[in-house]
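Let's walk through this one together, starting at the ligands and ending inside the fold. Have the viewer open as you read.

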Amino acid sequence: MIINNNKISDSEMEKQKDFIKKIKLLTGNKKYKYKINTFGCQMNENDSEKLAGILLECGFAEVSESDECDLVLFNTCCVRENAELKVYGHLGALKKLKSQKPEMIIVVSGCMMQQKEVVENIKKKYKHVDIVFGTHNLFKFPEMLYNSIISKEPVYDISTPADSIFENVPIERKDKTKAWVTIMYGCDNFCSYCIVPYVRGRERSRKIDDIVNEVKMLARDNVKEVTLLGQNVNSYGKEFGTDSNFAQLLKKLDEVDGLYRIRFMTSHPKDLSEELIYAIRDLKKVSKHIHLPIQSGSTRILKEMNRKYSKENYVDLIKKIRLEIADISITTDIIVGFPGETEDDFNETIELIREARFDSAYTFLYSKRSGTPAAELSNQVPESVAKERFQELVKVQNKISRELNNSLLGCELDVLAEGFSKNNPDMLTGRTDTNKIMNFKGDESLVGEIVKVKIEKIQTWSLEGRIVQNNDL
Ligand code: 5AD
Ligand code: SF4
């Protein structure tokens, strides 16, 4: 395979298109039905949109139940053990269905498959799985699918180098008002607990023009909001020199006609530059929200985690952000029960969240990931202790989130109407600029519009209000 500047060559992508045509011919008039099950982060969701795009081009149709399927796909995550166990559970449960319906194709893809021992396990214990591939060679799905249909033999392919980038894969985005756009792949940070750098490879950025063109096309299709995705978007463009950093990318995207809002995640505190803070402050379309994982409030634990900042660095950084951008919302990730975390360390985390007053926090129980340095540490925290700390942390953070939401009562905020709420089906739902969920009464015709909503009711994780004005873009 020829890789130019780590981009998969046009000829390789053409070859894959030919496989799509061949599959279409093979399946003929029979509409194969598929279901995709996605685990993990938004980047996996975005990968699943690409896998769906490929299947639709092959002439398949989506269904919601696995037992109606001709093809079922699991796009997996391995950041925490729970997600892996769920996948094994599903695969085990499918054994019986596959024996009754041997022509059904079972596909497993994603981060879990970038681990050799997982692939070996599937080979040995889950022989009913037909196709296995990792995140690096998603673009080769048409070829693998074709080979599987023709040979009826298992296809395993996790071979593509870990530094590849591919463009122009078909994509099926269900959401018509907002879209995920992956701007970079991989991670170079090697936080000691995290498996991502091992399964997603080294950091590599898409070319600025490729991203701008994709966003322009989305805006032309009436998409109003994009969320730029990367494990650490702050180091976007590191390999291109000074003109293509993340702040520059935001500036270019801010000029895209028809686009209303630009979100991004995730930001690593050690790489959040002044230039970026000013870009968020000054650019009209960039959302006033930063997701800035702290992980722990104890400098000692942060060092063990290899995070490369202290609690004081972090506090100074958010002070600076708030000084520059008055209404910014800051959210975070926190891990509880990292090996060696003492009661004192945990209390420092509680103190930190009281001081930082995050709008919300994703809290995780530490999960031991084999192959990471933290998994080798001997002083693992007992599960019962970690769970107790976790409950306390959630309680303290929920109170803060609610207090911050309470202060918004009576405010009028712009919201992009995204569709009907899953939890309140008679209400429309959307998010404020600061990424807070807002539910409000309104007609379906408002979906994709920006409306001004007056906040009348507060919940811990959402706001409720009434439309006071329908804004033109
Ligand atoms: N255990 C628990 N949480 C983890 N995360 C990453 N690795 C682990 C792990 N081994 C969390 C971090 C990261 C988020 C995406 O997942 O908080 O920011
Ligand atoms: Fe994992 Fe750290 Fe990279 Fe985030 S920055 S993906 S936590 S290694």
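What follows goes through the two ligand sites and then one strand with its neighbours. Keep in mind that this is a predicted model.

Start with ligand 1. What sits around it? The shell is made up of V79, R80, Y193, Q295, D333, I335, F364, L365, Y366, S367 and R369. Sorted by class, that shell comes out as 6 nonpolar, 2 polar and 3 charged residues.

Now zoom in on the polar contacts. On the side-chain front, an oxygen atom of ligand 1 lies 2.6 Å from an N or O atom of the D333 side chain, and an oxygen atom of the ligand is 2.9 Å from an N or O atom in the side chain of R80. S367 joins in through its backbone: one of its polar backbone atoms is 2.8 Å from a nitrogen atom of ligand 1. As for how covered the ligand is, ligand 1 on its own would expose 400 Å², and the protein buries 85% of that. Two elements give two or more residues to this shell, namely strand 15 (329–336) and strand 16 (360–365).

Next, swing over to ligand 2. Around it you'll find C187, N189, F190, C191, Y193, C194, V196, P197, Q231, H268 and R307. The class split here is 7 nonpolar, 3 polar and 1 charged. Y193 is worth a click, since it turns up in the shell of ligand 1 and also in that of ligand 2.

From the ligands, move on to strand 12, which spans residues 225–229. Is this strand enclosed or open? It is largely enclosed by the rest of the structure, because 5 of its 5 residues are buried. You can check that face by face: E225, T227 and L229 are buried on one side, while V226 and L228 are buried on the other.

So who are the strand partners? Strand 9 (residues 178–182) pairs with strand 12 in the parallel sense, over 5 bridges. If you want a landmark for that pairing, look for W180, which stands opposite T227 of strand 12. Strand 13 (residues 261–265) also runs parallel to strand 12, and 5 bridges join the two. Here the landmark is V226, whose bridge partner in strand 13 is I262. To get from strand 12 to strand 13, the chain passes through helix 8 (residues 246–254), making a right-handed β-α-β crossover.

Technical notes:
Residues numbered from 1 in each chain as written. Chains lettered and ligands numbered in written order. Predicted model: local features only at pLDDT ≥ 70, side-chain atom pairs only at ≥ 80, totals over all residues. Heavy atoms only, no water. Near = heavy atom within 4 Å. Polar contact = N/O pair within 3.5 Å; in protein donor to acceptor, adjacent residues only side chain to side chain. Areas by Shrake-Rupley, 256 points an atom, 1.4 Å probe, with all protein chains shown as cover. Helix = DSSP H or I, 4+ residues; strand = E, 2+ residues; numbered from the N terminus. Nonpolar A, V, L, I, M, F, W, Y, C, P; charged D, E, K, R; others polar. Buried < 20%, exposed > 50% of the residue type's maximum accessible area, 1.4 Å probe, protein only. Pairing = 2+ DSSP bridges. Right-handed = clockwise from strand over helix to strand, strands pointing away.
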